[in-house]
Every structure is written in C-alpha cells, then in structure tokens.
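Dear colleague,

I am passing on the structure we discussed, and I would be glad if you could look it over alongside the notes below.

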Amino acid sequence: MKQNSLYNIIAGGVLALSATACTGAYEDINRNPFEPDDLTADDYALSSSMYNICNTVMSNDVNQYQFVESLMGCTLGGYFADGNGNFTASFSRYNPANGWSRVFMEANQNSIIPTLYTNISMIEGYCETSGNPVPAAIAKVVKVAAMSRVTDCYGPIPYSKIGYDGNILTPYDSQQDVYYKFFEELGEAIEELNQNRGAQLNPLIDDVYRGDVTKWIRFANSLKLRLALRISYADPAKAKQMAEEAVNPANGGVIETVDANATYKHYSNGGNPTYMSTVNYGNDSRPSADLICYMNGYNDPRRAEYFTTSGWTNADGSYMTDPAGNPLEYVGVRRGWETYERDGWALNMSQIGVSSSDPTIWMTASEVAFLRAEGAAVFNWNMGGTAESFYNNGIALSFEQYGVSGAEDYMADATSVPATYYDPSSANPWSGSLPRVTVKWDESASAEQKQERIIIQKWIANWTLGNEAWADLRRTGYPSLIPVAANLSGGVVDSAKGPQRMPYPQEEYTNNSTNVRNAVNTLLGGPDNMATKLWWAAKPNI
C-alpha cells in the first residue's frame, strides 16, 4: 500500500529536520564563533531551514551536484564533457542509469522535494509566530527556482498537491499547470516583498543577499522573466504578460548590475561544488570542445577565467597548432567520446577553471539582459529598451562579472566566427563545422538570426549554468553543438537534437505507480523516455 514515497518522506522527515535545525547544523550556521549571540534561538532554526531550501537550488551535496549539474546539465548544455573513462553509461552518451537520472526526485535524503517542503513548513511556522512575512516570501521564490529545474528535467511533476493529500497520494500536475502555479507564487512573493521593502532580515540567515529585500525582489522578477521566455512558444500570450510584468519598474525591477547577481556561498563540504565535483574529483568533467571552439573563434578573453591552458606544447614550450595554424592554447574534449584515456592524452586537455572559493551562480545581470534582448528582438515584447542595447549590455556585464577587459572590442567584432573543431588526440574526430555566426549585433538580421546570436552569447555568459543552457537548446535549437561521438540510446535520441528530458525514476513506478502512470498516459505527451519533448519545447521545426 506504499503509494507515494514523496509524501511519506515529507511527512516522516519533519521531526528529523526539526531536530537538526537547531543543533546539527550549528557548525554551518555559526560563521563567527566569537559572536554567538548574533542570532536568537528562533533565528538559528530559521537560518538552518533557509540554508536547507537554498541547497535545493544548487545542491552543496557534491555527489548530487555532480549528477544534476556537472554530468547532466553542463554536459547536455554543451559546457562540459565527461572526464572519466569509467563513465560508459552516462548522460553524455544518452544512456544514463536510473541511479544517475533519479537525483531530482528520488535520490536520497537530499532530494529536492522532501527537503523543500519540510523546511518551507518550518519557515512558514516561524513567520506566523514572528509576524514577519519576509522569510516565507523569500522561501516561495527559492521554491520556484528549485522546482522549475525539476519540471524542466522531467516535464509533469508532483507539485500543487504535495503534502496536502489526506490519502497519502501525490498526483502529478501538467507542466503547463506547474508553470502557471510558478507565476502565481512568484506574483504573491513579489507583492509581499514589495510591501515589506523596509523589513529587517538578519543578514546571517540569508546567504544570497544578506537580508537585502530589494535584491530579492529583483531576483524574483528576473526568475519570472526567465520562466516567461521558457514558455514563449508554448503559451505566447501568457509569456508576454509575465515578461512585461517582470520588467515593469513598478513591480520592483530586475537584476541589472553585477552586485545584484544571485549567487550562493555557504559550503559545508570543501568548497564550490562545481570545483569539488570536477577538478577535485580528478577532472571527472573537463571543458567541452563545443564551448571552447566558439570562444577560440571569437578570441574571447574570458577563456582565461573559464579554463586552464592545455598541455599540447612543443619541446620549446610553445603551443602546438591545429591544421590551420592556430595555437592549441585552450582545447576541449568532444562530448560523448568514443574512447577516453584519462591517464594518457586527456592529461593535455584544458581543465575547468572554477576555484573552490567561487560562489555558486543562480542568475546574473548578464543573463537578464540577454532575456530582455530576446524578448524584444524575437517576440516584440516591451522590455523597456532596444534589443541591441540589451544584447551589448549582456556582453559587457559578463565581462565585468569575470573582471575581464575588452568588451567593446569583442562586441564590435563583425568577422570572427567559431573555430573549426580539431582533436589533437585523434581519438574523437569530427569533420563538420559550426555556424559562422559573428558577435556584432546586426539590426537588419531576421528574428531567427537575432535569436541565434543572442542565445550563443547568453550561453557563453552563463558558463556553468548547464541546466539553463540545456533548456535553451531544447526551447530554441541554439547553440548548435558538435554531435556526440557515441550515441548509445539505442535509437531513442536523435543525435542532432539531443535528449529532451529524463525518464521518471524507477522508484516512482514502485512507490507512486498509479500517479506516475497517469502522468505518462495523460500529461506527458509521449513515452517516458529521453526523446519526448516537454510542453514548452514547442518551437516549430526543431
């Protein structure tokens, strides 16, 4: 009779999380042991719950982060390639095992859904007692940020009925209904936060904005804009309404400056999880050939911030060259490789340039500028400015974010195009070519050409936001990527399109069988495999 593990985990986990909220997480919360009275006992509990829900957006559990971000999102989004020869069943080859692809819903005690709902319940209880509505409003924003990634992985998911069904069942919602609920919840949170702009929130309980309510408002509106673009082809009228509401200054504005970027830095297990799950894990992931080809072709000065230099050098220390005479200073690995020599030629490939002390990125001013550029250029929405100004600002903000000069020269380049792929190891060759898209804005270009240009630059700027890149690829068809070397999906996944989603965890068919089967039969729109498109992936001809 065990119909739904999600609800049981939520219901059964409250006491355990309540116990750890005020004791077990002290070492993570108490940043300054010499000032133990900075937080009241209630604030300690609130801080623990806020920490727990923030970890559902980008997990600090390195194993979970590795699967969700490094191996799935960043690989399918074109940022990383597997760097471990033992990864024969993987996202990059389109044949992940259930233990890889279940991590959003059924992995372990760190799974997003039970962690979110138990801790949000505690935060709401605190707010009722204290009379301060701000933490609950922030929690609602964080919930949407986390759960949007879950639905964008699977499609229909349990959402509106989680924790409220007396029969211990968790029916699934259609993805359209989930998105409508997201917009409803963001609207409620934005209104609540705008009404409490002057509220005092202890900065020690807020690892994102240190208690700055106005920045939370900007993040909430920016997230609303991101989700509006996501549904732009599936529900154009709703997308336009939500996008124009999001950028309306009367609603509090969006992220426009680097100091308002949504980043998170509260590490309990060694440092930045991108670093920990890639470089620190013996380079289990390396930079992809896709991204490096684009950036090499554009002579992008951000390469030095994104990657290490390669080991493909001559005896005199100079870099070897490709057939066209270009130095092999930055060299990526082809995704979904046929063969891999971790202790051989792979040692010469560039490494991921994230450090253990870097913050985890949720959303940036650069991304928001590109969202506004696409809204204006492709869909003719009122974004509060011109597509060209937003596009150029997106580039400039990314350069500023990474402390790199040369943005003006970069955005004025009307001749450079992505480099031709060359594999110096000869292990995973490809003779095709990438699109000859330049950087400089062209107002005379078609809407389709403008979208490709915008998405390419947004993709480069969104480095390490792999699930966002994968979503854009499925929604728009851009950027064009090098086909994986080995497609082991058994003919399920089209190599030219790549995976469209992940199958539901096998545990759902055991623990929540009736509801997951109903979701597949009536809500998903196709078989429960990696080729079925999500509701919002509705752009014609891709």
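The notes that follow cover one helix pair, the largest pocket and the largest cavity.

This is a predicted model, in which local features need pLDDT of at least 70 and side-chain atom pairs count only at pLDDT 80 or more, while totals for chains, interfaces and linings use all residues. Residues are numbered from 1 along each chain as its sequence is written, and side-chain values use heavy atoms, with hydrogens and water left out.

The axes (lines fitted to C-alpha atoms, for helices over the stretch in contact, with angles from 0 to 180 degrees between N-to-C directions) of helix H7 (residues 134-154) and helix H9 (residues 213-230) come within 11 Å and cross at roughly 25°. H7 and H9 are therefore roughly parallel to each other (angles under 35 degrees). Helices here are DSSP runs (H or I, at least four residues), numbered from the N terminus.

As for empty space, a cavity is a set of points on a 1 Å grid over the protein atoms alone where a 1.4 Å probe fits but cannot get out, whereas a pocket is an open set with protein on both sides within 12 Å along at least five of seven lines, and lining residues have an atom within 4 Å of a point. The largest pocket has a volume of about 670 Å³ (the space filled by probe spheres set on the points), and among its 31 lining residues Asn-296, Asp-322, Asn-326, Ala-419 and Thr-420 lie nearest its centre. Helix H12 (residues 289-297) gives the largest share of that lining, five residues.

The largest cavity holds about 170 Å³ of space, and H7, H9 and helix H18 (466-476) each supply at least two residues of its lining.

Best wishes

How values were computed. Parallel < 35°, antiparallel > 145°, perpendicular 65-115°, else oblique.
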